[in-house]
Amino acid sequence: MTTTNPEPSVIAAPPITQISPGAWVKKNLFSDWFNTILTIVCLGAIAWLGYGLLTWIFTQAQWQVVPANLRLFFVGRYPAPLMWRPWTALGIIAVSAGLTWGILARSTWLFNRTGLIFLGVLAVLFVALSVPVSLNTSLLLLAILGLSVAAAFAGQQIGQRFPTLVSWLALGWLGIFFIVFGLIRGGLFLREVRLDDLSGLLLTLLTAIVSIVLSFPIGILLALGRQSNLPVVRWMSIGFIEIIRGLPLITILFMSSLLVPLILPPNVRIDRVVRAIAGLTLFSAAYLAENVRGGLQSIPRGQSEAAKALGLSAPLVTVLIILPQALKAVIPTIVGQFISLFKDTSLLAIIGFAELLGISQSILSNPNFLGRYQEVYAFDTVIYFCCCYAMALASRRLEKQLRTENR
Amino acid sequence: MDEKIPFWRDDRVLKIIGQVIAVVVFVTVMLILGSNIARNFQSLGITFGFGFLRRAASFGIGDTPIPYTPSDSYGRAVLVGLVNSLRVMILGIILATVVGIAVGVARLSDNWLLKQIAGIYVELFRNTPLLLQLFCWYFAVFLNLPGDLENPPRLPGPIFLTQRGVDMPWPDGTLQTWLSVAFLLISAVLAFIIWRRRTTAMVQRGESGRSLQMILIGIGVLALLALIFGLQWDRPNLSEGAITDGLNLSPEFGAVLFGLIFYTAAFIAEVVRAGIQSVTKGQWEAARALGLRPTLAMRLVIFPQALRVMIPPLTSEYLNLAKNSSLAIAVGYADVYATSFTTSNQTGRTIEMILILMATYLTINLIISLGMNTFNRSVQMKER
């Protein structure tokens with residue numbers, strides 16, 4: 001330093017500059033001639049698109065197709081007398097989600113602005129449903145929403161009393177998954193619903209969630225196998241991962257639907273859905289393995305050396321020291337993987353399943369709704385977008401939280 | 001210390017035993033599956049082999065870039081599918097890169113409005129399934145175009161949009177066309193070399209680069225002339241309710257191409273944005289302090305560094321595009337997967353067709369990976 005400060009300087013906070021709306025517009029939209037042209041072009045495009053879209057939504061589109069088939073979209077051809085089961089499942093999930101949310105947000109405000117907007121939009125949507133569908137559905141949904149909010153408050157209280165509960169959340173969700181699955185599928189004292197009879201969004205969610213849960217352990221094993229110093233195990237893992245990653249998902253589903261019957265003994269038959277889930281699982285496991293490998297490689301060597309020096313055996317080093325750190329590093333990537341798997345379940349429509357997109361195609365082939373492509377696809381887009389975008393937002397938040405913890 | 005370790009606790013022995021077990025399990029499973037296949041083949045009365053590819057295919061294909069009739073062989077049908085696939089992949093990769101870079105740069109624009117529009121586009125297209133987008137393009141866009149050919153909507157430079165696809169001008173394919181194409185290629189290479197020399201001269205020696213700029217403009221004018229008059233454009237003609245001449249792109253091809261471009265471009269845009277943002281602000285400031293204009297700073301300092309970060313994820317996007325092109329079957333575009341699927345259905349040769357498909361897609365992926373890895377090596381930092 002060549003200049004010296006005679007007095008210890010007081011570090012002032014950066015000045016908060018109040019930008020007037022006019023100045024903001026000038027800075028962000030009209031700073032120079034090029035920017036101005038861009039703004040005008042964009043405004044033109046927005047006006048044109050917006051006008052076209054709004055006139056279509058409110059005057060041209062014939063929306064009857066959506067409310068008339070709402071049940072088909074969501075639960076497909078699930079037996080009507082058993083409808084209480086998906087409803088109960090939804091209730092369980094909503095309450096658990098509320099509880100989780102409350103426990104996670106135990107030390108902050110439960111409802112920030114985004115959360116309130118989200119809840120408000122949901123409530124308005126549910127109320128709006130009462131007109132085209134039925135008042136009962138709307139009231140039921142509102143009640144579930146209310147339960148979820150109440151559960152969030154309860155969760156906050158519980159979370160403040162037992163802060164260690166956070167580490168059990170993942171396990172709890174696994175339990176809820178089995179309960180919900182059992183409820184939908186039946187068995188024990190409930191009437192059984194064949195897996196092949198499921199359709200609609202229910203099938204989409206089922207295949208996506210089951211596949212990701214199953215692919216998780218397989219993916220981790222493959223990643224460890226690829227890092228292993230046993231050449232046979234390593235080469236088998238590499239071969240599996242690279243072949244699966246080199247093939248389009250549709251060929252793997254094609255194999256699962258046509259090849260599996262050929263390679264099984266003649267008297268063994270497996271449900272179509274199970275075969276499709278197996279295909280999705282193997283596909284997703286290969287990608288997951290690569291993500292986990294990234295995490296494994298990001299752990300410095302010193303960690304495993306230190307663990308060995310403490311006298312841990314090789315499997316314990318992996319399970320207790322390396323994997324927890326590696327998995328934590330790749331949580332956002334795994335969420336991304338789940339989003340893409342959720343989107344990929346739409347491919348089941350090609351091999352003849354009636355998941356959300358498949359059931360849309362069959363609704364469109366109904367003579368009453370012939371040619372209503374735009375309305376149905378717009379509705380599908382909204383559903384897929386809401387699910388995926390919500391997961392993407394959650395992943396981004398998670399990433400931010402993990403980063404601050406690492407600091 | 002000479003106490004011997006029992007072999008069941010000896011790490012070296014355990015490793016070998018583990019591997020032997022892995023091999024044995026693998027081989028046993030393969031043998032069981034193989035014998036099942038053999039038994040199932042026997043009960044179906046078919047033998048393994050690729051001879052069936054020579055039999056007449058007897059199914060029609062909509063898009064035939066190479067001559068094909070239903071009396072041609074299955075092998076020929078799969079080959080037509082392969083050409084169709086490659087057509088979509090190559091065009092898709094090029095156009096998705098262009099759109100993706102444009103959107104990625106737009107997401108970093110100073111203009112708030114443009115940034116928001118690019119952001120909405122990226123989120124919308126990344127968060128909906130490609131298959132849904134393909135259906136939208138095909139059923140809701142291309143098949144929704146006016147069906148009557150009396151007065152179809154036309155874009156500038158006679159391009160017609162109708163239910164039978166896009167009709168647009170296309171070079172005629174005479175000798176003059178090919179000469180012009182050769183001229184255009186040579187002038188492009190020449191222009192690139194001169195442009196590089198001009199940049200070097202301007203940056204390293206501080207020259208104005210005027211004279212070389214004149215040469216560049218000259219080449220540009222000549223190339224433009226060759227493009228307009230030399231290629232012998234064959235324009236589509238609208239006469240008596242039918243469109244003749246020109247190039248017709250089927251609605252299936254259009255839907256697949258557009259779907260792949262706009263889906264992949266959304267991902268490429270994120271790659272580009274992350275790449276440019278990964279270059280630290282200091283690099284910008286240093287480049288500006290050296291007196292480089294913003295465009296030059298972008299081109300010479302920021303972009304080369306961003307490219308190093310961008311290429312590996314870009315490669316995987318290209319691979320995804322190539323693999324996703326197999327969704328073409330959903331809208332009835334006869335790509336290699338669709339033709340193989342039909343062949344397998346007609347002949348019952350599932351295993352053979354799966355092997356062919358695997359070989360095809362793995363080869364295509366390998367070629368893309370090799371190409372991109374070579375490119376990657378050429379842009380990586382040259383260290384000691």
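**Exercise 1. Describe how strands β2 and β3 of chain B pair, then place them in their sheet.**

Step 1. In chain B, β2 (residues 159-162) and β3 (residues 165-168) run antiparallel and share 3 bridges. Strands are DSSP runs of E with at least two residues, helices are runs of H or I with at least four, and both are numbered from the N terminus. Pairing requires at least two DSSP bridges between two strands.

Step 2. Take one bridge: Leu161(B) has Val166(B) in β3(B) as its partner.

Step 3. Widen the view to the open sheet of 4 strands, ordered β1-β2-β3-β8 in chain B with antiparallel pairing. Its edges are β1 (154-155) and β8 (247-249) of chain B, each pairing on one side only.

**Exercise 2. State what kind of model this is and how confident the predictor is.**

Step 1. The model is predicted: local features need pLDDT of at least 70, side-chain atom pairs count only at pLDDT 80 or more, and totals for chains, interfaces and linings use all residues. Residues are numbered from 1 along each chain as its sequence is written, while chains are lettered from A and ligands numbered from 1 in the order in which they are written.

Step 2. pLDDT is the predictor's confidence in each residue, from 0 to 100. Chain B has a mean pLDDT of 86, with 97% of its residues at 70 or more.

Step 3. For the complex, the predictor gives an ipTM of 0.86 and a pTM of 0.87.

**Exercise 3. Characterise the side of chain B that touches chain A.**

Step 1. Count the residues: 45 of chain B are in contact with 41 of chain A. Contact means C-beta atoms, placed from the backbone, within 7 Å.

Step 2. Find the contributing elements. Those of chain B that each supply at least two residues include α1 (11-44), α9 (294-324) and α11 (350-379). The largest share, 12 residues, comes from α1(B).

Step 3. Sort by class: 28 residues are nonpolar, 12 polar and 5 charged. Here Ala, Val, Leu, Ile, Met, Phe, Trp, Tyr, Cys and Pro count as nonpolar, Asp, Glu, Lys and Arg as charged, and the others, Gly among them, as polar.

**Exercise 4. Locate the domains of each chain.**

Step 1. Bounds come from an automatic or database domain assignment. Chain A has domain 1 (26-60), domain 2 (66-78 + 198-407) and domain 3 (79-192). Chain B has domain 1 (7-43) and domain 2 (74-152 + 249-379).

Step 2. Compare C-alpha centres. Domain 1 and domain 3 of chain A lie 40 Å apart. Domain 1 and domain 2 of chain B lie 41 Å apart.

Notes
Two residues are in contact if their C-beta atoms, placed from the backbone, lie within 7 Å.
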